[in-house]
Amino acid sequence: MDAELTPLPWQAPLWQHWRARISAGRLPHALLIAGPAGIGKHRLVRALVAALLCRQTRADGSGCGRCPGCRQLLAGVHPSLQWLRRDPERRDIGIDAVRDLCQALTMTSHDNGVKVAVIDPVDALNINGFNALLKNLEEPPTASHLLLLSRRPMVLPATVRSRCQLLRCTPPTPEQARDWLAEQLPQAGLGELEAILAGSLGAPLAALQHWQPQLRERHARWHRVLERVMAGELPPLQAAGQIEVLREGRDIMLEFFTWCYQHALAGAREALADAASARLRRWLQMGEAAVAAMRGVEANASPQLLLEAAFERMRQTPRTAVD
Ligand SMILES: [Zn+2]
């Protein structure tokens, strides 16, 4: 269980740097932990939090997993840690949640140690949420740390960004990703590992999730709908009704279009190999439709309209081969 409190293998250089700063008591008040999905940002944040809250860290600076602090952290009940997540029912994180979090950082901690708050993800704050956060960043309470997770740091307000120190999570090399995934999925063959990694843009934690039967089943369902759209068998309006992202919101919408995009690229690469240009055009068109739709999701456009528009674009290229 204590493995959860250690960084992932490819995070070793980052870990060396930041654990040394923690040991020296020189961790900045606010850290912006940035990087794409599925490469281990959460795992690194947990390791950092453990290093801050553990009472007897190991030689490498990581949490021991056994002391009262680590046990409370593992059980999700550490009184000096606040972890703010987006309410799945809501589109964003508002002012009240951020105020409560910042207020908790100003209280004396139960054992006179540090207080830690995580915002996961900070990208989800609305404008009032950012203003409340900014107050905390301008006047940081003593002995407190804010860890802000972000997939898209460049879209955060410059006033917030400039008051945080950036910790950019780097993705693993393809070999590191494959070796780690092979350890997690000993039952999978090399070909399967490489296929799910390619389908996750090399992000190993995302690949691990994609291995789950429910996800594999969902992707197969998406695939069937798209195949029928592109074959002209299913009108866009009807197809959009069959994609469950309409009910499940923004995150799954992004997952769907990312999946489309990755699938399109994989198809394009395959088509390049047999130099069938019509097939290539078709897959690239699918990729472009997915990118356009992802931008629409970012801009909070209507899911129904985005799906219809994407399917309309995907349908325009004639289908020439069965993949
Ligand atoms: Zn400990």
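Cys54 and Cys70 are both buried in this model, which is a predicted one. Each of the two cysteines gives its SG atom to a zinc ion, and the SG atoms of Cys64 and Cys67 complete the list of donors, at 2.2 to 2.3 Å. Read along the chain, the donors are spaced as C-x9-C-x2-C-x2-C. Cys54 sits in the loop between helix 2 (41-53) and helix 3 (68-75), while Cys70 belongs to helix 3 itself, so this pair ties together parts that lie 16 residues apart in sequence. As for geometry, the angles between the four donor atoms run from 105 to 117°, and the arrangement is therefore tetrahedral. For reference, the ideal angle for four tetrahedral donors is 109.5 degrees.

Stepping back to the whole chain, the domain assignment splits the protein into domain 1 (2-168) and domain 2 (212-315). Taken over C-alpha atoms, the centres of domain 1 and domain 2 are 35 Å apart.

Next comes the nonpolar interior. The largest nonpolar core has 34 residues, and Val49 and Leu167 are the ones that touch the most other members. Quite a few elements chip in: helix 1 (12-23), strand 1 (30-34), helix 2, helix 3, strand 2 (81-85), strand 3 (115-120) and strand 4 (144-150) supply at least two residues each. Helix 2 provides the largest share of this core, with nine residues. Setting aside residues up to four places away in sequence, Val49 touches Leu73, Leu81, Val116, Val118 and Leu147. Apart from this core lies another one, made up of 32 residues, including Trp222, Val245, Leu254 and Met294.

Then there is Arg218, placed in helix 10 (residues 213-230). Is Arg218 buried or exposed? With a relative accessibility of 15%, Arg218 counts as buried, because the cut-off for buried is under 20%. Once neighbours within four places in sequence are left out, the contacts of Arg218 are Glu244, Ile252 and Glu255.

On to charged pairs. In general, side chains of opposite charge can pair when their charged atoms come close. The structure holds eight salt bridges. One of them joins the side chains of Asp120 and Arg85, with an N to O distance of 3.8 Å. Asp120 is part of strand 3 and Arg85 part of strand 2, so the salt bridge ties together parts that are 35 residues apart in sequence. The two partners are set quite unlike each other in terms of accessibility: Asp120, at 11% relative accessibility, counts as buried, whereas Arg85, at 51%, counts as exposed.

Elsewhere, Arg178, Asp179 and Glu194 are linked in a network of salt bridges. In one part of this network, the side chains of Asp179 and Arg178 meet at 3.7 Å, N to O. In another, Glu194 pairs with Arg178, and the closest N and O atoms are 3.8 Å apart. This second pair links distant parts of the chain, with Glu194 in helix 8 (residues 190-198) and Arg178 in helix 7 (residues 174-184), 16 residues apart. How accessible are the members of the network? Arg178 counts as partly exposed at 26% relative accessibility, Asp179 as partly exposed at 44%, and Glu194 as partly exposed at 40%.

Finally, a look at Ala104, which lies in helix 4 (residues 95-106). Its relative accessible area is 22%, so Ala104 is partly exposed. Not counting residues up to four places away in sequence, Ala104 touches Gln82 and Lys115. Ala104 and Ser144 are 40 residues apart in sequence, and their C-alpha atoms are 9.7 Å apart in space.

Note on methods:
Residues numbered from 1 in each chain as written. Predicted model: local features only at pLDDT ≥ 70, side-chain atom pairs only at ≥ 80, totals over all residues. Heavy atoms only, no water. Helix = DSSP H or I, 4+ residues; strand = E, 2+ residues; numbered from the N terminus. Buried < 20%, exposed > 50% of the residue type's maximum accessible area, 1.4 Å probe, protein only. Contact = heavy atoms within 4.5 Å. Domains from an automatic or database assignment. Donors = N, O, S within 2.8 Å, 3.2 Å for Na, K, Ca; no water. Tetrahedral: all angles 85-135°; square planar, octahedral: opposite > 155°, others 65-115°. Core = buried A, V, L, I, M, F, W, Y, C linked by side-chain atoms within 4.5 Å. Salt bridge = Lys/Arg side-chain N within 4 Å of Asp/Glu carboxyl O.
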